[in-house]
Amino acid sequence: MSQSNDELANTCLSLTHDGERGKREEEKESKWHRAKTIFAREKYLYILALPGLLFFLIFKYFPIWGLALAFKNYSPYLGFWKSEWVGFKYFVEFFTNPDFLLLFRNTMAISLLNIMFFFPIPIVLALLINEVRNMKFKKTIQTIIYLPHFLSWVIIAGICFIILGQSDGVINKIIVELGGQPIGFLTEPNYFWGLLTAQSIWKEAGWGTIIFLAALSGINQDLYEAAQIDGANRWQQTLNITLPGIKSTIVVLLILRLGQVMEVGFEQVYLMMSSPVSHVGDVFDTYVYRTGIQNGRFSYATVVGIFKSVVGLVLVVSANRLAKKFGEEGLY
């Protein structure tokens with residue numbers, strides 16, 4: 001009798017396991033079917049996103065394995081795998097290098113100036129453009145301020161040399177004609193950081209308005225009509241409707257900008273830097289080029305890159321948490 005009960009229990013247990021297994025298989029099959037349905041419905045969107053995904057895989061994720069160079073005494077003759085492991089040797093050398101504080105100061109100063117002056121300009125431009133009611137004039141203004149974005153930094157630097165050169169610059173020629181002395185705009189250290197900030201504003205501010213104009217177009221127009229009925233002027237509408245409406249976009253872009261605080265633009269700095277301003281213009285990007293490419297110290301340059309990435313990651317995570325603490329959605 002006990003044996004038959006045991007057999008019955010085993011049979012029930014087996015049927016239970018089979019039922020659970022069948023249920024799991026059905027769930028997997030339904031999920032797979034749902035995924036195929038979504039892909040079939042949105043296949044053109046996935047195809048459109050494919051180049052971007054490949055870009056990040058090839059140029060962002062795949063090179064991560066190369067970070068191991070920072071812990072090796074890399075030699076091109078021995079190759080990546082046979083090069084000697086040296087641990088944190090290059091980290092210690094980098095942080096004890098007398099140039100570290102100078103590079104950190106210059107990089108942070110240029111980045112902070114960009115955040116303080118360059119970051120708000122696209123917001124202001126977007127607000128001004130949004131107030132224009134003549135569509136033909138509005139599109140013309142947008143086209144004009146977008147154009148500098150498509151110029152390379154080589155052209156921007158050439159324009160600056162033509163306008164601000166000490167001997168042949170247009171502005172200095174005017175100053176001399178008026179009886180003054182030429183000013184070394186390009187060789188005076190006190191002007192260098194401001195010059196880089198002004199270049200960034202002129203080149204990229206117009207292009208940066210695109211995202212903010214898109215955010216402005218998503219604000220409910222009924223809010224403006226209700227505000228007008230209540231007697232609010234344009235300035236009050238901007239403060240109470242427009243800015244709160246794009247606040248989340250501003251916060252997200254600011255967080256992303258903080259993640260690039262160690263990236264000040266190699267091309268721009270390298271093209272504008274000269275011997276008289278090298279002590280205020282040498283940043284981590286130019287230092288990596290000089291030590292890693294020109295001097296062949298690939299492992300040491302990798303350490304600098306890791307440091308920049310870690311600082312950016314810490315700032316993004318900290319800014320995101322701070323944004324959530326104040327009730328914003330944040331980046332993630």
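The legends below describe several close-up views of a predicted model.

Residues are numbered from 1 along each chain as its sequence is written, and side-chain values use heavy atoms, with hydrogens and water left out. Because the model is predicted, local features need pLDDT of at least 70 and side-chain atom pairs count only at pLDDT 80 or more, whereas totals for chains, interfaces and linings use all residues.

**View 1. Surroundings of Thr197 in helix α10.** Helix α10 spans residues 189-217; helices are DSSP runs of H or I with at least four residues, numbered from the N terminus. Thr197 is buried, at 5% relative accessibility (buried means under 20% relative accessible area, exposed over 50%, and partly exposed in between, with a 1.4 Å probe and protein chains only). A polar atom of the Thr197 side chain lies 3.0 Å from the backbone oxygen of Trp193. When neighbours within four places in sequence are left aside, Thr197 is in contact (heavy atoms within 4.5 Å) with Leu113, Asn114 and Phe117.

**View 2. Ser248 in helix α13.** Helix α13 covers residues 247-259. Ser248 has a relative accessible area of 33% and is partly exposed. Its C-alpha atom is separated by 22 Å from that of Leu113, and the two residues are 135 residues apart along the chain.

**View 3. The salt bridge between Glu42 and Arg41.** A salt bridge is a side-chain nitrogen of Lys or Arg within 4 Å of a carboxyl oxygen of Asp or Glu, and seven are found in the whole structure. In the pair shown, the closest N and O atoms are 3.6 Å apart. Glu42 is partly exposed, with a relative accessible area of 27%, while Arg41 is exposed, with 54%.

**View 4. The salt bridge between Asp282 and Arg290.** The closest N and O atoms of this pair are 2.7 Å apart. Asp282 counts as buried at 11% relative accessibility, and Arg290 as partly exposed at 28%.

**View 5. The salt bridge between Asp285 and Lys308.** Here the closest N and O atoms are 2.4 Å apart. Asp285 belongs to helix α16 (residues 284-294) and Lys308 to helix α17 (residues 298-325), so the salt bridge ties together parts that are 23 residues apart in sequence. Asp285 is buried, at 9% relative accessibility, and Lys308 is buried as well, with a relative accessible area of 10%. Through salt bridges that share partners, Glu263, Asp285 and Lys308 are joined into one network.

How values were computed. Helices (H or I, at least four residues) and strands (E, at least two) are DSSP runs, numbered from the N terminus. A polar contact is a pair of N or O atoms within 3.5 Å; within protein, one must be able to donate a hydrogen and the other to accept it, and residues adjacent in sequence count only if both atoms are side-chain atoms.
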